[in-house]
Amino acid sequence: MKKIYFFLVLLIFQVKAFGQNSPNEEFQKTVTHWFSAWILVYQNIYKIDTITPVEFVFFDENYVYSTSTVTINKGETINGPSLLNLKLNWKKALHHGTITLPNKNSIPVGITSYASEIPDTAHHSFFVMPLPSFWKKAGVESKELGLDNLITGVFLHEFSHSQQMLNFGIKITQYEKEHNFGVNTNDDMLQNIFSQNKAYVDLFNTEVSTFYNSISNKELDQEELLKGLNLMDKRQKKYLKGKYKTLAAMDDLFLTMEGLGQYSMYLWLIHPEGGSTDLETAIKGVRRNGRWWSQEEGLVLFLILERQQESAFWVKDMFGTKSVTIMELIRSNLKK
């Protein structure tokens, strides 16, 4: 009888211990993997070694794991990964369904992943994202990539924006202060404004299809590229005028930001030390059926650019304090 009692007590202790440790295990394993993926793309491929300051907010069904004292003022100090030059102090706490972000806004836990500027800082940012168990429970999946590769790609895409606060972020904030287009200022602006305009949608779809036709082979099809550029000029001149005139410049900015995010995801997916995915599957998986316009067109523009010029010649201008756009680069390469 005593042996049975002892076994039950031991079993209960093990179950409790597992319940306490397993969330930490997922956090440690996942964030270490995501950070390694970023290093592979950012340091090994892009040849950039330093990161501007970022506060991280990760969460699962019960806990939030953060480096921000705003998100977790009092909590359990835990070990966690560092990233390049960032020395991160991690804490863990129960979130009870709501998370306070480093910008002091509170959000309900849900499927969300993005980077945003922290007010009253030197354009520092924060990054928020659920851990894999949360995505799995929500039913998110990718037939082409699998869930783990998909959300690693999402991390790479969204985290790239945290390193663009000093260039594109500043410009977008300026546009937001100076203009009101009746929709939120983000990369889906044109989609939200024109998605019900069939003529615009048809012209946009033809434009994007033409750009993808230009990369159907390893060599860039210059004729198809020129057709695509002409269609883009036609679309912007016809629709982005009057009260929408400023949206032409914003279109180029968002295509650059979203395109670089998609391209970074793609580079990791095809790398043998990353997702080790074949080119066709990777592109199909990143495109996600073309559901988001700026991501769909932005990706192909970077696939065009890489056929024109190696990333070593342009990628550093996508981060830091410069803000050269993808369209400027593509058009300047046509003149060479």
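Let's start with a small void: the second largest cavity in this predicted model holds about 30 Å³ of space. Its walls are made by Gln262, Val286, Arg287, Arg288, Trp292, Gln295 and Glu296. Two helices, α9 (279-287) and α10, each give two or more residues to that lining. Sorted by class, the lining comes out as two nonpolar, two polar and three charged residues.

Arg288, one of the residues on that wall, is worth a look for its backbone too. Its phi is positive, about 50°, although Arg288 is not a glycine. You'll find Arg288 in the loop between α9 and α10. Is Arg288 buried or exposed? Neither label quite fits: because its relative accessibility is 24%, Arg288 counts as partly exposed.

Now for the other cavity. The count of cavities of 30 Å³ or more comes to two, and the largest has a volume of about 110 Å³. This largest cavity is lined by 14 residues, and the closest to its centre are Asp187, Leu190, Asp251, Trp293 and Ser294. If you'd rather think in elements, α5 (189-194), α6 (198-213), α8 and α10 (293-308) are the ones that give two or more residues to its lining. That lining divides into seven nonpolar, two polar and five charged residues.

Next, the open spaces. The largest pocket has a volume of about 1300 Å³. It is lined by 34 residues, with Ser113, Tyr114, Glu158, His161 and Asp187 the closest to its centre. So Asp187 turns up twice, because it lines the largest cavity as well, where it is among the residues closest to the centre. Elements that each supply at least two residues of this pocket's lining include β7 (114-117), α3 (147-162), α4 (168-178) and α8. By class, the pocket lining has 14 nonpolar, 12 polar and eight charged residues.

The second largest pocket has a volume of about 310 Å³. Tyr212, Ile215, Ser216, Asn217, Lys218, Tyr266, Leu279, Ile283, Arg287, Leu303, Glu306 and Arg307 line it. Helices α9 and α10 each supply at least two of these lining residues. Here the classes split into six nonpolar, two polar and four charged. Arg287 is listed in this pocket's lining, and Arg287 also appears in the lining of the second largest cavity.

From the gaps, let's turn to the packing. In soluble globular proteins, nonpolar side chains tend to be buried together. The largest nonpolar core here has 93 residues, and the members that touch the most others are Tyr46, Phe56, Phe58, Phe155 and Leu301. Which helix gives the most to this core? That's α8 (residues 247-270), with 14 residues. Apart from this core lies another, of 12 residues, among them Val64, Ala93, Leu101 and Ile107.

Phe58 makes a good stop on the way through. Leaving out residues up to four places away in sequence, Phe58 touches Phe27, Val31, Trp34, Tyr63, Val64, Tyr65, Trp90, Phe127, Met129, Leu131 and Phe155. Val64 in that list is a member of the 12-residue core, while Phe155 is, like Phe58, one of the members of the largest core that touch the most others.

Several of those contacts lead on to strands. Strand β2 (residues 63-66) runs antiparallel to strand β4 (residues 90-94), and four bridges join the two. Ser66 has Lys91 as its bridge partner in β4. Strand β3 (residues 76-78) is also antiparallel to β4, with three bridges joining them. What is the bridge partner of Ile78 in β4? It's Trp90, a residue that Phe58 touches.

Two histidines round off the walk. His123 has a phi near 60°, a positive value in a residue other than glycine. His123 sits in the loop between β7 and β8 (125-130). With 28% relative accessibility, His123 counts as partly exposed.

His33, by contrast, belongs to a helix, α1 (residues 2-45). Its relative accessibility is 37%, so His33 counts as partly exposed. Setting aside neighbours within four places in sequence, His33 is in contact with Thr152 and Trp268. The C-alpha atoms of His33 and Pro81 are separated by 9.6 Å, and the two residues are 48 apart along the chain.

Terms used:
Residues numbered from 1 in each chain as written. Predicted model: local features only at pLDDT ≥ 70, side-chain atom pairs only at ≥ 80, totals over all residues. Heavy atoms only, no water. Core = buried A, V, L, I, M, F, W, Y, C linked by side-chain atoms within 4.5 Å. Buried < 20%, exposed > 50% of the residue type's maximum accessible area, 1.4 Å probe, protein only. Contact = heavy atoms within 4.5 Å. Pairing = 2+ DSSP bridges. 1 Å grid on protein atoms, 1.4 Å probe; cavity = no way out; pocket = protein on both sides within 12 Å on 5 of 7 lines; lining within 4 Å. Points joined across faces, edges and corners; volume = space filled by probe spheres on them. Nonpolar A, V, L, I, M, F, W, Y, C, P; charged D, E, K, R; others polar.
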